[in-house]
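Open the structure in your viewer and keep the sequence panel visible. The tour below tells you what to select at each stop and what to look for there.

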Amino acid sequence: MCLGIPGEVVEILVDRTDLAMVDVSGVKRAINIGLLDKDEVGPGDWILIHVGFALSKIDEEEAKAALEFLEGIGEAYEEEMQALLDSRIE
Amino acid sequence: MRFVDEFRDAAKARALAAQIAALCEPGRQYKFMEVCGGHTHTIYKHGLEDYLPETVTLVHGPGCPVCVMPMGRVDDAIHIAEQPDVILTTFGDMMRVPGGRGSFLDSNAAGTDIRMVYSPLDSLKIARQNPDKRVVFMAIGFETTAPSTAMTVLRAAAEKIENFSIFCNHVTIIPAIKAILNSPDLRLDGFIGPGHVSTVIGCRPYDFIAREYGKPLVCAGFEPLDILQSVYQLMIQLSEGRSEVENQYSRVVPWDGNPRALKVIGEVMELRPYFEWRGLGFISHSALKVRDAYAAFDAEKIFDLPGVRVADPKACQCGEVLKGVLKPWECKVFGTACTPETPIGTCMVSSEGACAAYYNFGRFSRDRVREATSIEITPAPVAGR
């Protein structure tokens, strides 16, 4: 549960500016960005996702390295990803 | 040496290990504690201890939030789930944690509705969809997770969702580190600081470790090279007689953390006078509770909890493992009576627990370590000296 999963912001929702559509390993999910400064996040930015919330902004290079690492750790990451994919936050 | 091939940068890892070895003073033992379950996972997964000189030991601390939950809190959660019209939700890792009356899975077999969720916001959604039910989110985690719970409470308040509450079990990392530093059982030379906790609290709260206790701390990332690099930085500090807080993971961890997240925690939660940790006992100001202003969302105020203290099973040595006094394989029931399938203690439940991580990945290095501990007189020759 302590894993942080990188994702790329696709768009900020117009009617809910605390939510962003985020591409996580090719799948789009709504992620809460309320813990980051609003001016700080926009489409194309990479974020570190933890339990449905963006915890910090990261650069693309770190995101790619982190993803590669996570894919390598196996079961714990697969379970976390599955949980994230099953989640539909509002 | 199967683990050597398991990550891309094994050559860099060996180079770092040689630099670490070169800094070892002859005859001196070095013990570093990593306080994050994610680090423990990486260390065992990649057999990092096998790269390090025999005189450098990594000790696993209380950084797995599931592992430090005492049995009494599990029983309290089951008590909530047994009340009429309750849906209890929590993270997947909690489902198999044994309490005095069994785990959440056992409880569900007996008729309760305890569901795992990915996010506290999923729990809020369940509350919206089930207005005739009382939905309680059992919140666990360090400062990494607490802001998400706090944001969810704020959302529930804004939407006036009256059938949602949280059973708050958030813990804070600093008092736990302090308890370990004050424990007479363990002599440590430094700390590998947690990664994601530090994205929220930043690096400043660790200052006292360097200043008052004279121990270096390096906040570390989760990749094998991050951890070895952090050990290297710790060794440099020791060899230069320094004790400072350094940030190896600055690509993710800002020195000042996430002020917005800290503000949200402070808005919704406050420190408890004390909280019981599995293995560490009662620690003052080491956990968070919901502020009175949000009492309507506080399951501890809504439900009458038994709050009974339940002793760990006699055979279980999670306490010693969590304090770093015992390595997982030194526990009497490790891998025999206690396995990930039928865990007796919490450290075997979560994938971030030291026992589960060791059980899943660590077997290949166990023989080596056993040999090393049985022949303890002669220091092993170290490359690069």
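The stops run from one strand of chain A, through a loop and the contact between the chains, to chain B. Keep in mind throughout that this is a predicted model.

**Stop 1: strand E4 of chain A**

Select residues 46–50 of chain A, which form strand E4. Are these residues buried or exposed? The strand is mostly covered, with 5 of its 5 residues buried. Now look at its two faces. Trp46(A), Leu48(A) and His50(A) lie on one side, Ile47(A) and Ile49(A) lie on the other, and both faces are covered.

**Stop 2: the partners of E4(A)**

Add residues 5–12 of chain A, strand E1, which pairs with E4(A) in the antiparallel sense over 4 bridges. Within this pairing, Gly7(A) has Ile47(A) as its bridge partner.

Next add residues 53–58 of chain A, strand E5. E5(A) and E4(A) also run antiparallel, joined over 5 bridges. Click on Trp46(A) and then on Ile58(A) in E5(A), which stands opposite. The hairpin of E4(A) and E5(A) has 2 residues between the strands. Select Val51(A) in this hairpin: its phi is positive, near 40 degrees.

**Stop 3: Ala54(A) and the core**

Select Ala54(A) and display its surroundings. Beyond its neighbours within four places in sequence, Ala54(A) is in contact with several residues, including Ile31(A), Ile33(A), Leu35(A) and Leu36(A). Ile47(A), Leu48(A) and Ile49(A), seen at the first stop, are also among its contacts.

Which residues touch the most other members of the largest nonpolar core? They are Ala54(A), Phe32(B), Val136(B) and Ile166(B), in a core of 152 residues. As background, nonpolar side chains tend to be buried together in soluble globular proteins.

**Stop 4: a loop residue**

Select Lys38(A), in the loop between strand E3 (27–32) and E4 of chain A. Why does Lys38(A) count as exposed? It has 12 C-beta neighbours inside 10 Å, and a residue is exposed if that count is 12 or fewer. Then draw a distance from the C-alpha atom of Lys38(A) to that of Thr17(A): the separation is 8.1 Å, although the two residues are 21 residues apart along the chain.

**Stop 5: where the chains meet**

Show both chains. The contact takes 31 residues from chain A and 32 residues from chain B. On chain A, E4, E5, helix H1 (60–73) and helix H2 (75–86) each supply at least two residues of the side that touches chain B. H2(A) gives the most, with 6 residues. By type, the residues on this side of chain A divide into 16 nonpolar, 8 polar and 7 charged.

**Stop 6: chain B as a whole**

Hide chain A and colour chain B by secondary structure to see 15 helices and 13 strands. The C-alpha trace of chain B spans about 70 × 45 × 40 Å along its principal axes. Its radius of gyration is 21 Å, which agrees with the value near 21 Å for a compact globule of 385 residues. Of those 385 residues, 55% count as buried.

**Stop 7: strand E7 of chain B**

Finally, select residues 190–193 of chain B, strand E7. Both of its faces are covered: Gly190(B) and Ile192(B) are buried on one side, Phe191(B) and Gly193(B) on the other. Add strand E1 (residues 30–34) of chain B, which pairs with E7(B) in the parallel sense over 3 bridges. Here Phe32(B) stands opposite Gly190(B). Strand E8 (residues 217–219) of chain B is also parallel to E7(B), over 3 bridges, and its Leu217(B) stands opposite Phe191(B).

Note on methods. Residues are numbered from 1 along each chain as its sequence is written. Chains are lettered from A and ligands numbered from 1 in the order in which they are written. This is a predicted model: local features need pLDDT of at least 70, side-chain atom pairs count only at pLDDT 80 or more; totals for chains, interfaces and linings use all residues. A residue is buried if 20 or more other C-beta atoms lie within 10 Å of its own, exposed if 12 or fewer, and partly exposed in between; C-beta atoms are placed from the backbone. Two strands pair if DSSP finds at least two bridges between them. A nonpolar core is a set of buried Ala, Val, Leu, Ile, Met, Phe, Trp, Tyr and Cys residues joined through C-beta atoms within 7 Å. Two residues are in contact if their C-beta atoms, placed from the backbone, lie within 7 Å. The radius of gyration is taken over C-alpha atoms; the globule rule is 2.2 Å times the number of residues to the power 0.38. Ala, Val, Leu, Ile, Met, Phe, Trp, Tyr, Cys and Pro count as nonpolar, Asp, Glu, Lys and Arg as charged, and the others, Gly among them, as polar.
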